[in-house]
Amino acid sequence: MTIYNFSAGPAVLPKEVLQQAQAEMLNWHDSGMSVMEMSHRGREFMGIAAQAEADLRELMGIPANYKVLFLQGGASQQFAMIPMNLLRGKTSADYLNTGEWSKKAISEAKKYGAVNVVASSADKNFSYVPDFSEWKCDKDAAYLHITPNETIGGVEFDWLPDTAGVPLVADMSSNILSRPIDVSKYGLIYAGAQKNIGPAGLTIVIVREDLIGEVLAGTPTMLDYKTHADNDSMYNTPPTYGIYIAGLVFQLLKKNGGIAAMEQTNIAKAALLYAAIDESCGFYNCPVATDNRSRMNIPFTLKDASQDGDFVKQAEARGLLQLKGHRSVGGMRASIYNAMPLAGVQALVDFMNEFARDNG
Ligand SMILES: *Cc1c(COP(=O)(O)O)cnc(C)c1O
């Protein structure tokens, strides 16, 4: 039976990447070592890290005046590092509140400065993105923080606010590499690796150089971007195996036509699943506003919530794993990141149609 894993994170990785890692596990490129056993300062691993960075730069079109940092601590640690590093003498930062991850970023930032919430979709249980005309931005804000894809709520937006020169900071943990973006429009982009990049334990930060170097007093060395920027992310031991796997994912993306090609597949996958929900005559329902529906995380409820348990159990029996929704939304959530093939979404849709027929 083919297994399809719809986990929100840590999430499915491309089979080709896992197979290559397996083949190279004991002896990487005739080095006689596993990547896990290599010194991070040795020739072999330095090469792996440099290649991973070069491939990511090429894939995303990252301009030369941006640093790419391979860090640890997850996206959650960035919730603190961002204000510590980017307040830069200012007292307040702007945040858009579109869901659970925005809320966490906001509450952490409040420890370091004032937070101006420019707009919030809390009034409708975070099921939409407030129109930019309603945002109350502060032109003196140190930066403006957005979460372009709310992993839990399944809310995504691709348009960029006009920040009038205020650096834009984006938590792209769950949609990085899923669609082309213009990196030059951002001051800082960050992402935990475990959704669309590689294994948990690696966090990627892409930051414009002029924003580095002016931290709050008392900032620990390890939480200063400058520490990592000045040392090519090798100030201390980086998450070496995670960087290696991420590098294999980047190579595969490049081989398959890059992010533009990936986006086309992602559009097709999401369209297939949303159509199954919308054409179920109300058996399934997606709570998210049509314009803001995520291509990566698709929450849906059953009309009769007492059937949730059966749905999950029968899905598992068919090899469709980890579909139970987040407790704050309920129902189901299918995360269909880059590594989820179209065939996996088709298998889910076939099962959903059958389940609705048998239980409707
Ligand atoms: C998963 C996730 C996080 C938290 O990531 P960690 O690496 O577990 O800290 C933050 N933001 C978004 C949008 C996420 O999807």
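Strands E5 and E8 run parallel to each other and pair over three bridges. This is a predicted model, so treat what follows as a tour of a prediction. From E8 the pairing carries on to E9, again in the parallel sense and over three bridges. E9 is then joined to strand E10 (residues 203-208) by five bridges, and these two run antiparallel.

**The paired strands**

- Where E5 meets E8, Leu144 stands opposite Leu168.
- Move along to E8 and E9, and you'll find Ala170 with Ile189 as its bridge partner.
- Right next door in the chain, Asp171 has Tyr190 in E9 as its bridge partner.
- Ile189 also has a partner in E10, namely Ile206.
- Side chains in a regular strand take turns between the two faces of the sheet.
- Which residues cover the two faces of E8? Leu168 and Ala170 sit on one side, Val169 and Asp171 sit on the other, and all are buried.
- E9 (residues 188-192) is mostly covered too, with five of its five residues buried.
- On one side of E9 are Leu188, Tyr190 and Gly192, while Ile189 and Ala191 are on the other.

**Helix H3 and its bend**

- Helix H3 covers residues 74-86, which is 13 residues, and spans 18 Å from first C-alpha to last, close to the 18 Å expected at 1.5 Å a residue.
- Where does H3 bend? Look at Ala80: the helix bends there by about 30°, and a proline, Pro83, follows within four residues.
- Ten of the 13 residues in H3 are buried, so you can call the helix mostly covered by the cut-off of under 20% relative accessible area.
- Among those buried residues are Phe79, Ala80, Met81, Ile82 and Pro83.
- After H3 comes Arg88, with a positive phi near 45°.

**Backbone oddities in the loops**

- Gly9 and Pro10 are joined by a cis peptide bond, with omega at about -10°.
- You'll find Pro10 in the loop between strand E1 (4-5) and H1.
- Asn125 isn't a glycine, yet its phi is positive, near 50°.
- Look for Asn125 in the loop between strand E4 (114-120) and strand E5 (144-146).
- With a relative accessible area of 58%, Asn125 is exposed.
- Ala164 is another non-glycine with a positive phi, about 50°.
- Its loop runs between strand E7 (155-156) and strand E8 (168-171).
- Is Ala164 buried or exposed? Its relative accessible area is 66%, so Ala164 is exposed.

**Salt bridges**

- How many salt bridges are there? The count comes to 16.
- In one of them, the side chains of Arg57 and Glu53 meet at 2.9 Å, N to O.
- Arg57 and Glu53 are four residues apart in helix H2, so about one helical turn separates them.
- Glu53 is partly exposed, at 23% relative accessibility.
- Asp55 makes a salt bridge with Lys254, and their closest N and O atoms are 2.8 Å apart.
- That pair links distant parts of the chain, with Asp55 in helix H2, Lys254 in helix H6 (residues 240-255), and their positions 199 residues apart.
- Asp55 is buried at 2% relative accessible area, whereas Lys254 is partly exposed at 31%.
- Glu156 and Arg179 form another salt bridge, with 3.4 Å between the closest N and O atoms.
- Here too distant parts of the chain are linked: Glu156 is in strand E7, Arg179 is in the loop between E8 and E9, and they are 23 residues apart.
- Glu156 counts as buried at 3% relative accessibility, and Arg179 counts as buried at 12%.
- Shared partners join Asp55, Glu58 and Lys254 into one network of salt bridges.

**A surface patch and a long-range pair**

- Met25, Leu26 and Met36 form a nonpolar patch on the surface, with about 320 Å² of accessible area together.
- Met36 is in the loop between helix H1 (15-23) and helix H2 (43-60), and is partly exposed at 49% relative accessible area.
- Ala339 sits in the loop between strand E14 (332-335) and helix H9 (342-359), and is buried at 19% relative accessible area.
- Ala339 and Ile197 are 142 residues apart along the chain, but 9.2 Å separates their C-alpha atoms.

Technical notes
Residues are numbered from 1 along each chain as its sequence is written. This is a predicted model: local features need pLDDT of at least 70, side-chain atom pairs count only at pLDDT 80 or more; totals for chains, interfaces and linings use all residues. Side-chain values use heavy atoms; hydrogens and water are left out. Patches are made of residues with over 30% relative accessible area and no salt bridge: like charges are joined within 9 Å, nonpolar side chains (Val, Leu, Ile, Met, Phe, Trp, Tyr) within 5 Å. Accessible areas come from the Shrake-Rupley method with a 1.4 Å probe; for residues, only the protein chains shown count as cover. A salt bridge is a side-chain nitrogen of Lys or Arg within 4 Å of a carboxyl oxygen of Asp or Glu. Buried means under 20% relative accessible area, exposed over 50%, partly exposed in between (1.4 Å probe, protein chains only). The expected span of a helix is 1.5 Å times one less than its number of residues. The bend at a residue is the angle between axes fitted to the seven residues ending there and the seven starting there. Two strands pair if DSSP finds at least two bridges between them.
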